[in-house]
Amino acid sequence: MQPSGRHYVVVRPLFSEDSFAEQHERINRNRKTLRHHLKDYFTSLSKLCLYCLHCSCDRNRAKNAALSLLPIIGWMKNYNIKEWLLGDIVSGISTGLVAVLQGLAFSLLASLPPGYGLYTTFFPAIIYFFLGTSRHLSVGAFPILSLMVGAVVTRLVPDGGPPANITGFEGLSMEQQRVLVASSVTFVMGAFQLIMGLLQVGFIVMYLSETLVSGFTTAAAVHILVSQLRFVLGLDFPGVNGPLAIVYTLENVFRDITNTNVADLVTSIVIMVLVLIAKEINDRFKSKLPVPIPIEVIMTVIACGVSYAFNFENRFNVVVIGEMVNGYESPIAPNLEVIQESAVEAFPMAIVGFAVAFSVAKVYSIKHDYTIDGNQELLAFGVSNMFGASFRAFAASTALSRTAIQESTGGRTQIAGVLSAMIVLIVIVAVGFLLEPLPRSVLGALVIVNLKGMLMQFRELPFLWKNDRTDFVTWVVTFVASLFLGLDLGLAVGLGAELFTVVYRTQFPRCSLLANITGTDIYRDCKDYNCIYEPDGVKIFKIPSPIFFANIDFLRDKLVQAVGFSPLKVLKKRNKALRKIRKMLRNGELEVSEGGLKVRQPSADTSEDNSMEGLDQPIDFSGIPIQVNWNTELPANISVPAVNIHSVVLDFSAVSFLDLSALKGLKATLKEFLRIEVDVYIVSCDVYIMEKLHQCSFFDDEIKTSIFYPTLHDAMLHILETHPDHGELEKDLDINYEVIQRDSITV
């Protein structure tokens, strides 16, 4: 290849796959099968266990194992005290204050007393400090997970009815029963995450696209908004869960709307307006503010003071937080019956919690140039949730707003996360009683305000509709299903819709006919360009997807449409015509002349052979003294569809795999074309697909390896040499096809 300004010149032989293989020897590599990968994985795992048991590992192996299981060792030894410590302290205090309020608020979503949200903000954060690979995640209560936990809690321990018949509920108050349910479902959720981490399946989040997550989280935000209306309006009705829960909740809200507590409503509106204004100021002047205005903390302190001073609880019948948790309660074991009842719901919780946390962690790891390990993150969250559940915490992940505060206020490592947990610790053991006068409507208002980011995802819909209708469908289906069926079933439906769109795109790909761009060796869709050259008798068909059992029939139909005839029908018509010609020759009704076959006398026998047997076999001219020209007029009103092409080129450049069902269908299609004297060429076929074709006995006396060419242009030059077409392509490439040499091509 010679570079020459904005041009390039290539001089090389004209290659088919056979001639290329003759001149360029390929290295035969032994590729690992799934069995070998599993064997290597379990071998390495067993060796690691033996090293740990017998302490026989050397220093490097021990170091690598420790760094893998305890990432804190890796970044702590490089901790820059002078540059990072002050930022981590400021960040930890700021994040801790917000974490306290969010822990209290998100407890309401989980249908638990507010104080238990503080446990969720403390215990998982401590474990994640040692096991997590992200330096910026603020681990704790997450609204969507809290709502999913709340659905299980209210199902097993409803507000307006008896609890489920579960051993272990005897002698417990409704509050204690709900705490037991929440901790048990959190434990099994953490167990799922731990198992997935041990099995190294962190890649599972790849199946949750941004579109699906956006639709899911938007529906969750609407659920959260509706669930908080009863606190904001000061209404008293039992929570609802299950399919259509949002409809029943709204029905209860509108039914009791006349009982709205004006004090709660006014307090909520004032809180929401002031918080929204302060957040807008934080966004607009974030470059000038040393730290964001802690408006949630400020409003909480003011609301506590006003509620206590004016005795909101007794004078205005406002529901307040009430008695807070004082210190830590003794650990509890998960209830096995609750685990059996909630395991189905716990699995989507594990997926959602990890997917959200990993997505956020990935954003900040790219921004600050460090790596995170998905499998280690699964281990970290699994152990964190199992440990937290033992101390009455509920499901933990990360809140987007809290993580943003931790990063924007100067947090550089998980030191900030530990300091924020210490702030929560102080509230739990020392100053929690100061929050007892806080109206629950304030927490509901703070939850609603923090939904702004998720609710604004509705703005994605016009963009998706305009640019990608299938993603639009995924978003809408996920949103609607999650909204009306519940978050667990909605996630499953959304995942099904997403996989359906993938199948749809591969099952019904956009096939096209290609043509040569005049003066180049480039081929594009003939509908998209004016300056193109299409040689007579040649069709170039591009297949832009894998070929498998679900789309092979569709691709065959598209190929038939592209060439303008069905090769199987033509083959059957020709074989049927030959039967009739043989019969007429035997009966003396036809004679052979210089012009071909002529009718000697009308046939007295009007019967026809209508047997379909053997019509799809190769054409056999035995018993006929001449070669029949199918494109001329045939005698005795014998009609055979005309075939106006001599070559079909299949572009396999976008075909990534080919299964056995498709292989059989492809082989049958190629034979149909070859049997009606239409040459077929396959170009740009992946090497590994070629290997599979050889392994599966694809080639035989009719289909040979010589039909494969490494590039489309190689095949086209061969076709134009075999069927000279003195047109634009010859003139532009300056090739004389009458004297073309097989040993060189100049472009």
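## The largest cavity

Helix α23 gives the largest share of the lining of the largest cavity, with four residues. This is a predicted model, and the cavity in question holds about 100 Å³ of space. Two elements, α23 (552-563) and α25 (660-675), each give two or more residues to that lining. In full, the lining consists of Phe 541, Ile 543, Ile 547, Ile 552, Leu 555, Arg 556, Leu 559, Leu 650, Leu 666 and Thr 669.

Sorted by class, those lining residues come to eight nonpolar, one polar and one charged. Under the counting rule used here, the protein has four cavities of 30 Å³ or more.

## Helix α25 and its surroundings

Let's stay with α25, since it also helps to line the cavity. With 16 residues at 1.5 Å each, α25 should span 22 Å, and its end C-alpha atoms lie 23 Å apart, so the two values agree. Its buried residues are Ala 662, Leu 663, Gly 665, Leu 666, Lys 667, Thr 669, Leu 670, Lys 671, Glu 672, Phe 673 and Arg 675. Charged side chains therefore sit alongside nonpolar ones in that list, because Lys, Glu and Arg count as charged while Ala, Leu and Phe count as nonpolar. Leu 666 and Thr 669 appear among the buried residues of the helix and also in the cavity lining.

What lies over these buried positions? The cover includes α23, α24 (567-586), β12 (647-651), β13 and α26. Just beyond the end of α25, Glu 677 takes a positive phi of about 65 degrees.

## A loop residue that meets Arg 675

Ile 619 belongs to the loop between β11 (596-599) and β12. Setting aside neighbours within four places in sequence, Ile 619 is in contact with Leu 571, Arg 574, Asn 575, Leu 578, Trp 630 and Arg 675. Arg 675 is one of the buried residues of α25, so this contact ties the loop residue to that helix, contact here being heavy atoms within 4.5 Å.

One partner, Leu 578, is 41 residues from Ile 619 along the chain, and the C-alpha atoms of the two are separated by 8.4 Å.

## Two covered helices, α9 and α7

Helix α9 has 23 residues and runs 32 Å from its first C-alpha to its last, close to the 33 Å expected at 1.5 Å a residue. Because 19 of those 23 residues are buried, α9 is largely enclosed by the rest of the structure. Just after the helix, Gly 234 takes a positive phi of about 70 degrees.

Thr 218 is a good place to look inside α9 (residues 210-232). How much of Thr 218 is accessible? Its relative accessibility is 0%, so Thr 218 counts as buried. Leaving out residues up to four places away in sequence, Thr 218 touches Met 454, Gln 457, Phe 458, Trp 475 and Phe 479.

Helix α7 (residues 143-156) should span 20 Å with its 14 residues, and its end C-alpha atoms are indeed 20 Å apart. This helix is mostly covered, with 12 of its 14 residues buried. They are Pro 143, Ile 144, Leu 145, Ser 146, Leu 147, Met 148, Val 149, Gly 150, Val 152, Val 153, Thr 154 and Leu 156.

## Positive phi in two loops

If you check backbone dihedrals, Asn 317 deserves a look: it has a positive phi of about 60 degrees although it is not a glycine. Asn 317 is found in the loop between α13 (312-315) and α14 (336-367). Is Asn 317 buried or exposed? With 61% relative accessibility, Asn 317 counts as exposed.

Ser 684, also not a glycine, has a positive phi of about 55 degrees. The loop that holds Ser 684 joins β13 (679-683) and α26 (687-695). Its relative accessible area is 25%, so Ser 684 is partly exposed. The two elements that flank this loop are also among those that cover the buried residues of α25.

## The protein as a whole

Stepping back, the secondary structure comprises 28 helices and 15 strands. Of the 747 residues in the protein, 48% are buried. The protein exposes about 37600 Å², and carbon and sulfur atoms supply 59% of that area.

Among contacts with a separation of 6 or more, 79% are between residues 24 or more positions apart. The contact between Ile 619 and Leu 578, which are 41 residues apart, is one example of such a pairing.

Terms used. Residues numbered from 1 in each chain as written. Predicted model: local features only at pLDDT ≥ 70, side-chain atom pairs only at ≥ 80, totals over all residues. Heavy atoms only, no water. Buried < 20%, exposed > 50% of the residue type's maximum accessible area, 1.4 Å probe, protein only. Areas by Shrake-Rupley, 256 points an atom, 1.4 Å probe, with all protein chains shown as cover. Expected span 1.5 Å × (residues − 1). 1 Å grid on protein atoms, 1.4 Å probe; cavity = no way out; pocket = protein on both sides within 12 Å on 5 of 7 lines; lining within 4 Å. Points joined across faces, edges and corners; volume = space filled by probe spheres on them.
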